[in-house]
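Please open the model in your viewer and keep the sequence panel beside it. The tour below proposes one selection after another and says what is found at each stop.

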Amino acid sequence: MDTLATTGRKNALDTSLGKKPALLSAENLMLGYGGKTIVDQLSLEIPAGQITAIIGPNGCGKSTLLAGLARLMKPKAGRVLLNGRCIHQQQGRSVARQLALLPQQMLAPDGLTVAELVRFGRQPHQGMLQRWSDTDARHVEQAMELTRVSALAGQPLDEVSGGQRQRAWLAMVVAQDTPLLLLDEPTSALDLGHQLEVFEVIRQLVRQGKTIVMVVHDIIAACRYADHMIAMKNGQVLASGTPDAVVTERLMQQLYGVNCQIMRDPVSGSLLLAGVNRTGHVL
Amino acid sequence: MTLQTNRTVYRMALVLTALALLFFVSLLFGAGPVGWQDSLWLLTGHGEGLGEQVHFTLFELRLPRTLLAIIVGAGLGASGVVLQTVTRNTLAEPGLLGVSAGASFAIVMAIYWGASASALNLQAAMAGALAGCLLVLAASQVSGTRQDPVRLILAGAALSGLLLAISSVLLLLDQRTADEMRFWLIGALAGRPFEAVRFSGLVTLAGICVLLFRLPALSALSLGHAVAVGLGHRPWQVQLTALLVVALLVGAATAAAGPIAFIGLVAPFAARAWVGPDIRNSFWPSLLLGSCILLAADIISRLVVIPYELPVGVVTAFIGAPVLLAVVRRQRMPTL
Amino acid sequence: MKTNIIITTRWPVLLLLSGLLLLLVLASLHYASDLTLGETLSALVGKGNLYSVFLIQELRLPRILTAVFSGMALGVAGCLLQTLARNRLATPNIIGLDNGATAFAVASVVAVPVSLATPALALVGAATAAALAFGLSGGPGTQGYRFIVMGVGVGAVFGALTNFMLARADMDSANVAYPWTVGSLNARSEEVIVWLGLALLFCLPLALYLARSLNVMRLSDAVATGLGVHIRRTRWLTLTVTVVLTGFAVALAGPVGMIALAAPEIARRLIASGHVPVPEAALTGSCLMLLADGIGQHAFSPIEIPVGLVTALVGGPYLLWILLRQPGGKTL
């Protein structure tokens with residue numbers, strides 16, 4: 001397990017040195033609902049072939065930012081560029097072949113089976129008349145193998161466990177076969193073991209050359225799995241870069257209003273927070 | 001995959017056979033002084049000895065009525081399954097959501113302003129159904145309806161009640177409208193000219209064709225707005241097209257047969273139980289089962305209280321209520 | 001930070017509503033009669049010439065009592081059911097009670113001549129609809145929403161039956177049955193007024209008592225249980241009170257559903273949101289009913305518009321507004 005984790009980190013470091021061009025970027029992005037602005041004048045670049053984690057306190061606009069990047073929201077100002085072109089000016093289907101999205105709230109009709117769900121991922125690759133091809137079948141099979149839900153294929157989604165359901169949804173997004181995947185809190189409400197399973201799948205995807213952007217609540221998990229981090233507060237980017245560069249005692253203070261010490265996990269080598277307590281209070 | 005294709009073919013064959021059977025039963029039995037023996041003789045090509053009356057009863061009375069039941073049933077079944085997908089609510093049905101009420105209210109208005117009840121007031125019905133659809137869409141966007149499917153039904157019931165009350169005012173003020181509407185309002189398939197059958201048939205066919213192109217997008221919509229966008233669809237556009245077509249279908253059905261409730265609930269419910277929840281699989285079964293159920297209801301309505309006829313709307317209501325119960329029992333909804 | 005906990009007292013609002021109701025009652029007694037105010041008042045206690053006593057005591061007073069009682073009953077029933085369902089659209093008429101009553105009343109007029117009076121049958125109809133919805137959905141239990149959806153279904157069946165009977169009936173019977181399909185204070189019967197009065201006497205205190213538990217149940221069942229509310233009992237009692245009040249009100253005035261929607265809504269606006277506005281809804285319901293009946297009688301004179309239609313026409317736009325309300329609005 002840990003050897004897997006450390007090699008993953010090494011790979012990621014190598015690629016970040018190579019400085020691949022940005023697949024996805026935002027320029028002066030402004031997002032909000034009605035008269036309320038949630039993300040203000042934000043610019044960023046998502047490094048290719050890496051796991052980018054967006055972190056920040058509740059209500060800082062991280063899910064809104066992800067929704068903006070995934071074209072779920074039209075920006076009030078600025079724009080999102082996918083492969084150098086404005087995402088809103090591209091065909092919906094062609095975007096869906098470059099970028100897949102796993103939303104936080106997952107709704108499925110009662111009785112839908114795992115395999116049926118995963119097959120939805122192939123929709124962007126199917127034409128109006130041409131329906132189901134061998135390529136589609138192969139991608140669905142591979143996605144279900146990668147996320148280890150093949151054995152559940154015929155089971156209704158509402159009868160499998162929470163962790164299995166999460167992986168089934170991940171399989172749907174993987175089957176979309178896009179170079180870029182946006183995941184909104186892919187491990188929320190999962191226990192430690194199931195969280196690890198999902199993160200391992202994500203790491204495997206990166207090894208296949210995919211780019212991942214995810215909103216993560218758990219900062220330790222973000223430190224462990226992300227290659228690149230974007231720290232947000234009040235709709236602004238406070239810091240971005242490698243976890244080592246971003247996760248500092250001062251930033252934790254700014255983001256969450258907590259004092260802590262940053263340490264290194266003696267086993268995996270990733271960063272840990274120790275002695276966390278609220279600013280102004282002594283433990 | 002081939003196994004599944006085989007099963008689909010088998011199922012389609014089964015439903016089509018049932019429909020064909022019902023079609024013949026509908027021609028054989030029913031009101032009118034013609035017994036089933038004579039009808040059978042005529043249909044098997046031995047009609048020379050039989051009088052004009054048998055001919056007339058079969059081809060001028062029973063055939064249009066049978067065709068109309070098939071058309072209206074298909075239209076209502078299709079609109080039910082589409083509404084249920086768009087609102088992500090298995091209780092959504094044109095009758096319960098007030099779409100049919102919108103259409104019939106518009107027809108009452110049209111008749112009040114001088115149109116004849118025996119004509120096919122399709123434009124008015126469609127406009128009314130469209131208004132009902134848009135209200136449903138608006139109500140389904142209001143916070144809370146997404147987590148709580150009952151709210152949408154209540155909104156529909158409230159809308160129907162309101163429109164009924166306004167219709168009552170019009171009927172109070174105008175005796176002619178009242179006389180014409182009394183019969184139309186209960187939902188009836190009988191006594192419609194071939195013209196009406198042909199016209200509503202064409203409109204229904206057109207609507208179904210448009211929906212066919214939208215099936216993948218609609219099925220993606222059942223996974224939520226965000227997923228639909230992620231898969232490259234435009235949810236708003238899809239929803240709007242779907243609702244426009246539903247308005248067309250419900251308008252045509254209501255104009256031809258009056259408000260008939262519950263077909264749009266019962267047919268998709270049966271279809272889903274049979275082929276699963278994905279609208280790409282359940283669309284055709286819903287449509288065909290809609291035809292079967294309405295035709296069966298119409299046959300029942302003719303046979304229960306011979307020589308009178310029950311209005312078909314009453315029969316469908318009696319079929320629909322238990323299914324409504326089943327849907328509610330099956331669904332995991334928030335408690336009160 | 002210092003917070004101000006505002007403790008609102010409800011008496012001013014209640015007094016104001018009572019005053020308004022009194023004023024409306026007086027106005028309804030007095031309006032468009034050729035008596036002076038003094039004559040009207042003395043006729044009320046039986047003094048004065050025969051004509052004025054007859055007009056006030058025999059013609060106007062029963063009608064006004066009908067309006068006040070039925071408005072009160074519908075207001076309370078609507079308020080209770082809305083709160084229980086956490087939905088402002090969940091009023092007794094929506095869940096089929098009115099349709100049941102109408103179907104039975106129409107049946108007694110056009111189809112099945114029975115010795116039982118039409119209002120009594122309307123009551124039986126409302127109870128039947130409620131019983132069907134209860135029975136088919138397995139009681140209100142923890143799955144109370146089932147009861148409501150079944151109510152919608154049962155209501156649809158009864159509606160279809162009513163339409164069927166009206167279409168089958170000859171024109172005269174259909175016209176006699178008409179008030180029962182729209183709601184009108186003309187169909188009143190003295191006996192039912194007394195019955196409804198008694199029902200109110202019994203149900204109002206009960207409703208006031210239930211309001212406290214319902215107020216906590218607005219949060220969630222789990223929270224309410226945690227705070228010591230007996231959920232199952234409260235739910236059963238609330239539904240029973242609702243059915244009884246609606247049944248008598250509909251037996252008296254026909255299906256005037258809008259009152260049950262509008263009265264609690266207005267009442268809710270009058271007081272702080274921390275309460276279930278049972279007494280306010282009762283008074284508002286009465287006021288609305290009197291007002292609507294007054295408009296129906298006099299606005300388009302000599303044509304009299306039934307009160308049910310007046311409330312529907314006035315309440316309709318309001319209902320649409322509720323349906324189209326923007327997300328994030330105040331919810332129950």
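Begin by selecting chain C of this predicted model, which, when read along the sequence, follows the pattern α-α-α-α-α-α-α-α-α-α-α-α-α. Chain C contains 13 helices and zero strands, and of its 332 residues 54% count as buried. If you draw the contacts of chain C between residues at least 6 apart in sequence, you will find that 75% of them join residues at least 24 apart.

Stay in chain C and select helix H4, residues 97-111, where Ala101(C) has its place. Is Ala101(C) buried or exposed? Ala101(C) counts as buried, because it has 32 C-beta neighbours inside 10 Å, and the cut-off for that class is 20 or more. Leaving aside residues up to four places away in sequence, the residues to display around Ala101(C) are Ala122(C), Gly125(C), Ala126(C), Gly247(C), Val250(C), Ala251(C) and Pro255(C), each of which it touches. A distance label between the C-alpha atoms of Ala101(C) and Ala120(C), which are 19 residues apart along the chain, should read 9.4 Å.

Next, turn to the nonpolar core. The largest such core has 300 residues, and those with the most contacts inside it are Val246(B), Ala73(C) and Val76(C). Which element gives the largest share of this core? Select helix H3 of chain C, residues 50-85, from which 15 residues of the core come. Chain A takes part as well: domain 1 (1-98 + 178-243) and domain 2 (108-176) of chain A both give residues to this core, so the core lies between them.

From the core, move to chain B and centre the view on Val246(B), which is one of the residues with the most contacts inside the core. With residues up to four places away in sequence not counted, Val246(B) touches Ser79(B), Val82(B), Leu83(B), Pro94(B), Val99(B) and Cys133(B). Now widen the selection to the whole of chain B, which has 14 helices and zero strands. Of the 336 residues of chain B, 58% count as buried, and among its contacts with a separation of 6 or more, 77% are between residues 24 or more positions apart.

Then select chain A and colour its two parts separately, with domain 1 covering 1-98 + 178-243 and domain 2 covering 108-176. Where these parts meet, 14 residues of domain 1 of chain A are in contact with 12 residues of domain 2 of chain A. On the side of domain 1 that touches domain 2, the elements giving two or more residues are helix H3 (92-96) and helix H7 (192-207) of chain A, and H7(A) gives the most, with six residues. By class, the residues on this side of domain 1 comprise eight nonpolar, three polar and three charged.

As the last stop, show chain A together with chain B, where 23 residues of chain A are in contact with 19 residues of chain B. H3, strand E6 (99-102) and helix H4 (114-120) of chain A each supply at least two residues of the side of chain A that touches chain B, and the largest share of that side, four residues, comes from H3(A). Colouring this side of chain A by residue class will show 15 nonpolar, four polar and four charged residues. Keep H3(A) selected as you finish, since this helix appears both on the side of domain 1 that touches domain 2 and on the side of chain A that touches chain B.

Notes. Residues numbered from 1 in each chain as written. Chains lettered and ligands numbered in written order. Predicted model: local features only at pLDDT ≥ 70, side-chain atom pairs only at ≥ 80, totals over all residues. Core = buried A, V, L, I, M, F, W, Y, C linked by C-beta atoms within 7 Å. Buried ≥ 20, exposed ≤ 12 C-beta atoms within 10 Å, placed from the backbone. Domains from an automatic or database assignment. Contact = placed C-beta atoms within 7 Å. Nonpolar A, V, L, I, M, F, W, Y, C, P; charged D, E, K, R; others polar.
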